[in-house]
Structures are given as structure tokens and as C-alpha cells.
Amino acid sequence: DHWPERGTEALVQVQTWRIGGNAGNAVVAAHGLGTPFRAVSTVGEDFAGRWLREQMGEANVEWIPRAYP
């Protein structure tokens, strides 16, 4: 594989979403290890928010709906 030339465009053929960030990684790790924990986080009602809640499954996460102005 090579990098596109400067000033040109390249199309992304595949995009993969994964849980990440400090909080997301900690939740996945603790849940996978069977470690008792509780996480509290905000989440939107958009596609990304629904996807994240679905990915977390049975993890002990309390979701707080994001308040919009």
C-alpha cells in the first residue's frame, strides 16, 4: 500500500467502528474480566449513540441522555 500523492484524494473502501477512548476501553475490559464496576456516561439519540449502547450489551453502564439546548 502507498500514501496518495499530496493534493490528491483517496476513497476509503472500508470503515470499521469500534468502541474506544479511555472510558469505553475500561468498560469493555472490566466487563470482559468479570470485574464488578459501574460506568455512567452521556449518549446521544443519534445513530452513533444507538450503536454504542448496542455494542455495550449487558455491560453495567448507566446511560444519561444528552440534553440539547
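Buried means under 20% relative accessible area, and Trp51, at 19%, is therefore counted as buried. That cut-off is handy to keep in mind for the close-ups below, which all come from a predicted model.

**View 1. Trp17 and Phe47 meet edge-to-face.** Let's start with the aromatic rings, of which the structure holds 2 pairs. In the pair of Trp17 and Phe47, the ring centres are 5.4 Å apart and the planes make an angle of 75°. Trp17 belongs to the segment before α1 (21-33), while Phe47 belongs to helix α2 (residues 47-56), so this pair ties together parts that are 30 residues apart in sequence. As for solvent, Trp17 is partly exposed, with a relative accessible area of 38%. Phe47 is exposed, its relative accessible area being 52%.

**View 2. Trp17 also pairs with Trp51.** Here too the geometry is edge-to-face, with 5.3 Å from centre to centre and 75° between the planes. Trp17 sits in the segment before α1 and Trp51 in helix α2, 34 residues apart, and the pair links these distant parts of the chain. Zoom out a little and the ring pairs join Trp17, Phe47 and Trp51 into a cluster. Within this cluster, Trp51 is the buried ring at 19%, Trp17 is partly exposed at 38% and Phe47 is exposed at 52%.

**View 3. Arg38 and Glu62 form a salt bridge.** Now for the charged side chains: a search of the whole structure finds 2 salt bridges. In the bridge between Arg38 and Glu62, the N to O distance is 2.2 Å. Arg38 lies in the loop between α1 and β1 (39-43), and Glu62 lies in strand β2 (residues 61-65), so the pair ties together parts that are 24 residues apart in sequence. Arg38 is exposed, with 57% relative accessible area, whereas Glu62 is partly exposed at 34%.

**View 4. Arg53 reaches Glu45 in a salt bridge.** The closest N and O atoms of this pair are 3.7 Å apart. A salt bridge calls for a distance within 4 Å, so the pair qualifies. Arg53 counts as partly exposed, at 23% relative accessibility.

**View 5. Helix α1 has a buried side and an exposed face.** First, a quick check on its length: at 1.5 Å a residue, the 13 residues of α1 should span 18 Å, and the end C-alpha atoms are indeed 18 Å apart. The buried residues of this helix are Gly24, Val27 and Ala30. They cover an arc of only 140° around the axis, so they lie on the same side of α1. What do the buried residues of α1 pack against? Their partners are β1, α2 and β2. On the face turned away from the buried side, you will find the exposed residues Asn22, Gly32 and Leu33. Just after α1 comes Gly34, whose phi is positive, near 75°.

**View 6. Val27 and Ala59 take part in the largest nonpolar core.** This core has 5 residues, and Ala39, Met56 and Val61 complete the set. Val27 is also one of the buried residues of α1, which connects this view with the previous one. If we leave aside the neighbours within four places in sequence, Ala59 is in contact with Val27, His31 and Phe37.

Key. Residues numbered from 1 in each chain as written. Predicted model: local features only at pLDDT ≥ 70, side-chain atom pairs only at ≥ 80, totals over all residues. Heavy atoms only, no water. Phe/Tyr/Trp six-rings, centres within 6.5 Å; stacked < 30°, edge-to-face > 60°. Helix = DSSP H or I, 4+ residues; strand = E, 2+ residues; numbered from the N terminus. Buried < 20%, exposed > 50% of the residue type's maximum accessible area, 1.4 Å probe, protein only. Expected span 1.5 Å × (residues − 1). Arc of directions from axis to C-beta. Contact = heavy atoms within 4.5 Å. Core = buried A, V, L, I, M, F, W, Y, C linked by side-chain atoms within 4.5 Å.
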